[in-house]
Amino acid sequence: MKLVKLFGIALLTIGLAGPVMAQDMSQQQRPQGDQVDQLAELVGLSDDQQKEIRGIIEEMQGEIQGLQAEAQQLQQAIQAEIKPDYDEDSIRENAEKLGDLTGEMTALSTLMQAKVDAVFTEEQRAELDKRMKQMQQQMQQRRQMQQQMQQQ
């Protein structure tokens, strides 16, 4: 049950906190609203719950996106070292920084998931668990069908 709930919240968080570097803030707000609205329909969130979830997301999304931008720069720096005269110390230093950033993004994402989860009632958590199980079953069935088609 916990895994299913975590999976559901993770899907929500990924959809809400994903990097949208090329879009302006007004375009970023629309997908966020759409995701919260979908969640509201899925588990029956009240207006107050929706407002609280949006506040949590807005609070943490900027920090996560800043770290994502920094991580992308580090990845590019590491990729730039793929050449005959590479600098091993630079590669290792940037890789370590990237690892630290990834850890911090994971922590912030998990904190955001936990804060969003705390907004749900027990009934809403149960409904989310049920819906996530259904989605997992559908995804598993699709994978099985794809595998069967590939074997033919």
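**Helices and core: a friendly chat**

Biologist: Which helix holds Ala 80?
Modeller: Helices are DSSP runs (H or I, at least four residues; strands are E, at least two), numbered from the N terminus. The run over residues 47-80 includes Ala 80, so its place is helix 3.

Biologist: What kind of model are we looking at?
Modeller: Residues are numbered from 1 along each chain as its sequence is written, and side-chain values use heavy atoms, with hydrogens and water left out. Local features need pLDDT of at least 70, side-chain atom pairs count only at pLDDT 80 or more, and totals for chains, interfaces and linings use all residues, the model being predicted.

Biologist: Is Ala 80 buried, partly exposed or exposed?
Modeller: Buried means under 20% relative accessible area and exposed over 50%, with partly exposed in between (1.4 Å probe, protein chains only). Ala 80 has a relative accessible area of 48%, so this residue counts as partly exposed.

Biologist: And which pattern does the chain follow along the sequence?
Modeller: The chain has five helices and zero strands. Reading along the sequence therefore gives α-α-α-α-α.

Biologist: How do helix 3 and helix 4 run relative to each other?
Modeller: Helix 4 covers residues 88-119, and its axis lies 9 Å from that of helix 3, at an angle of about 170 degrees. Axes are lines fitted to C-alpha atoms, for helices over the stretch in contact, and angles run from 0 to 180 degrees between N-to-C directions. Under 35 degrees counts as roughly parallel, over 145 as roughly antiparallel, 65 to 115 as roughly perpendicular and the rest as oblique. The pair is therefore roughly antiparallel.

Biologist: How many nonpolar residues are in the contact of helix 3 with helix 4?
Modeller: Ala, Val, Leu, Ile, Met, Phe, Trp, Tyr, Cys and Pro count as nonpolar, Asp, Glu, Lys and Arg as charged, and the others, Gly among them, as polar. Beside five polar and seven charged residues, the nonpolar ones number 20.

Biologist: What is the distance between the end C-alpha atoms of helix 4?
Modeller: The expected span is 1.5 Å times one less than the number of residues, so the 32 residues of helix 4 should cover 46 Å. The model agrees, with the end C-alpha atoms apart by 47 Å.

Biologist: Which residue caps the N-terminal end of helix 4?
Modeller: Look for a side-chain oxygen 3.2 Å from the backbone nitrogen of Asp 89. A polar contact is a pair of N or O atoms within 3.5 Å; within protein, one must be able to donate a hydrogen and the other to accept it, and residues adjacent in sequence count only if both atoms are side-chain atoms. The oxygen belongs to Asp 87.

Biologist: Which element gives the largest share of the largest nonpolar core?
Modeller: Such a core is a set of buried Ala, Val, Leu, Ile, Met, Phe, Trp, Tyr and Cys residues joined through side-chain atoms within 4.5 Å. The largest one has 24 residues, and Met 112 and Phe 120 are among those with the most contacts inside it. Helix 2 (25-43), helix 3, helix 4 and helix 5 each give two or more residues to this core. The largest share, nine residues, comes from helix 3.

Biologist: Is Glu 123 of helix 5 buried or exposed?
Modeller: The C-alpha atom of Glu 123 is 8.4 Å from that of Val 43, 80 residues away along the chain. With 60% relative accessibility, Glu 123 therefore counts as exposed.
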